[in-house]
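Biologist: Could you take me through a close look at one part of this model, and then show me how that part sits within the rest of the chain? I would enjoy a connected walk rather than a list.

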Amino acid sequence: MLLQSAAWLLLFAVLQLVLCAEDYYKVLGIDKNANDKQIKSAYRQLSKKFHPDKNPGDDTAQGKFVEVSEAYEALSDPESRKIYDQYGHEGLKQRQQGGGQHHDPFDLFSRFFGGGGHYQRGQPRGHNLEIKVGISLRDFYNGRETEFQWEKQQICEECDGTGSADGHVDTCGHCGGHGVRIIKHQLAPGMFQQVQTQCDACGGRGKTIKHKCPACSGNRVVRKPTLVSLKVDRGAARDSKIVYENEADASPDYIAGDLIVTLVEKEPDMENDNPEHVDGIFFRRKGNDLFWREVLSLREAWMGDWTRNLTHMDGHVVRLSRKRGEVVQPGHVEAVENEGMPIWDEDGDSVYHKTQFGKLYVEYVVVLPDQMESGMEKEFWSIWQKWRGKIGVDLHKDSGRPDAPISDQGQEKKDEL
Ligand SMILES: [Zn+2]
Ligand SMILES: [Zn+2]
């Protein structure tokens with residue numbers, strides 16, 4: 001009995017050892033064949049989530065923050081990823097002892113988001129940036145995972161944001177590292193004015209670089225086209241905003257502000273947005289409702305017996321029809337339930353929530369023929385004459401309005417003068 005529990009204890013200890021070194025792919029929540037982009041994006045999200053500044057006093061979060069940066073470092077470098085895939089944690093440990101680099105998790109964080117790797121403690125923050133992204137009505141209806149590109153200022157990867165080709169940064173000899181110089185102006189004999197100006201030798205940074213990084217020319221940052229993935233929820237409101245925390249321009253001098261994306265509805269583009277030629281992309285949206293104008297001929301509006309198949313934005317068909325004898329007045333508006341926009345919900349269409357839809361309003365426009373074959377015209381005319389004679393109503397006579405213009409009696413009289 002005692003032996004058995006000792007064995008259990010041993011097994012437990014071994015299990016714990018294994019658990020200690022959590023799988024890097026699991027840490028980042030990605031799968032084994034994730035690409036670079038997925039690894040980066042997982043790090044971006046998780047490092048912000050577990051950053052100690054955002055979770056003060058939470059040791060678990062702090063541990064996760066370190067774990068996430070370790071996992072990112074191991075998997076973002078193709079060589080170390082290969083070693084890790086083959087030999088696991090042990091393999092990486094040996095490589096590190098052999099002189100592999102190991103970064104401070106805050107350094108790594110600052111390479112992504114700028115600043116000194118911290119959110120607080122007087123760390124200045126960059127401006128928020130607003131971008132408009134055009135989304136077609138069809139994508140608002142169906143929801144879509146897409147991406148957009150913008151020219152983002154990034155910390156130069158070549159020099160890790162130092163601006164120096166060899167890693168050497170010197171204190172400016174002109175200003176002694178203060179970034180400012182005091183200049184004395186003589187106003188009059190014996191009278192001086194002291195003016196503080198930005199040091200022009202170092203541009204106010206207090207540091208100079210002999211060998212400038214060729215990638216950023218010593219600027220420490222570069223502007224590069226950057227892809228951002230964008231998820232448009234089903235039924236997202238027009239002009240709704242998506243906030244990407246700390247994803248605006250990065251700089252070693254400040255922590256990046258937020259990138260704010262506004263989803264603007266763009267004009268439908270017949271070629272690119274409508275390969276299947278659906279009517280739906282030309283619907284007009286107001287809130288959760290959609291609007292459409294359907295044209296009927298005089299015969300259809302009057303006599304009935306017609307069908308229209310509208311193809312909605314996801315390809316399903318909305319059937320509009322009238323039986324023989326059912327009249328549609330010009331300008332009539334028909335409300336079709338549940339054929340409007342999906343009504344946005346946090347849970348989307350899931351086990352927790354079934355998507356509701358707004359209405360589709362169809363306005364009927366009736367077009368009268370302005371030309372008729374003469375034989376047809378004659379036949380119609382005679383039918384009208386026949387039925388007018390029998391039961392015809394004269395709307396003009398019934399209205400009681402006068403036949404001739406009402407003329408002022410006074411004016412009819414001859415002018416007496
Ligand atoms: Zn200087
Ligand atoms: Zn550089």
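Modeller: Gladly! Let us begin at Lys210, which lies in the loop that links strand S6 (207-208) to strand S7 (221-232). Please keep in mind that this is a predicted model. Is Lys210 buried or exposed? Lys210 counts as exposed, because it has 11 C-beta neighbours inside 10 Å, and a residue is called exposed at 12 or fewer. Even so, Lys210 has partners from elsewhere in the sequence: once its neighbours within four places are set aside, Lys210 is in contact with His168 and Asp170. Gly167 is 43 residues away from Lys210 along the chain, and 10.0 Å separate the C-alpha atoms of the two.

From the loop we can step back to the domain around it. The chain is divided into domain 1 (10-113), domain 2 (129-265) and domain 3 (279-367). Both ends of domain 2 bring us to an open sheet of three strands, ordered S1-S9-S8, with mixed pairing. At the edges stand strand S1 (129-135) and strand S8 (241-244); each has a single partner strand, so one side of each is left without a neighbour in the sheet. On average, neighbouring strands here are turned by 25° against each other, direction ignored.

The mixed character shows when the pairs are taken in turn. S1 and S9 pair in the parallel sense, over seven bridges. S8 and strand S9 (residues 259-265) run antiparallel and are joined by four bridges. Which residue of S9 is the bridge partner of Ile131? That is Val261, and Val261 is also the bridge partner of Ile242. Beside that, Val243 has Ile260 in S9 as its bridge partner. As a general reminder, strands of a sheet pair through backbone hydrogen bonds, either parallel or antiparallel.

Another sheet invites a look alongside this one. Four strands form an open sheet in the order S10-S11-S15-S14, and the pairing is mixed here as well. Its edges are strand S10 (284-286) and strand S14 (333-336), each with a single partner strand, so one side of each is left without a neighbour in the sheet. The twist from one strand to the next averages 30°. S10 runs antiparallel to strand S11 (residues 289-297), and three bridges join the two. Within that pair, Arg285 stands opposite Leu290 in S11.

Now back to domain 2 and its contacts with domain 1. The centres of domain 1 and domain 2, taken over C-alpha atoms, are 27 Å apart. Contact between the two involves four residues of domain 1 and nine residues of domain 2. On the domain 1 side, helix H3 (36-50) and helix H6 (105-113) each supply at least two of the touching residues. By type, the residues on that side of domain 1 are one nonpolar, one polar and two charged.

Finally, the whole chain. It has twelve helices and 15 strands. Its radius of gyration is 37 Å, whereas a compact globule of 417 residues would have one near 22 Å. Along its principal axes, the C-alpha trace spans about 110 × 100 × 40 Å. Of the 417 residues, 20% count as buried. Among contacts with a separation of 6 or more, 64% join residues that are 24 or more positions apart. The Lys210 we started from is found in a loop and counts as exposed.

Technical notes:
Residues numbered from 1 in each chain as written. Chains lettered and ligands numbered in written order. Predicted model: local features only at pLDDT ≥ 70, side-chain atom pairs only at ≥ 80, totals over all residues. Domains from an automatic or database assignment. Contact = placed C-beta atoms within 7 Å. Nonpolar A, V, L, I, M, F, W, Y, C, P; charged D, E, K, R; others polar. Pairing = 2+ DSSP bridges. Axes fitted to C-alpha atoms, helices over the stretch in contact; angles between N-to-C directions. Rg over C-alpha atoms; globule rule 2.2 N^0.38 Å.
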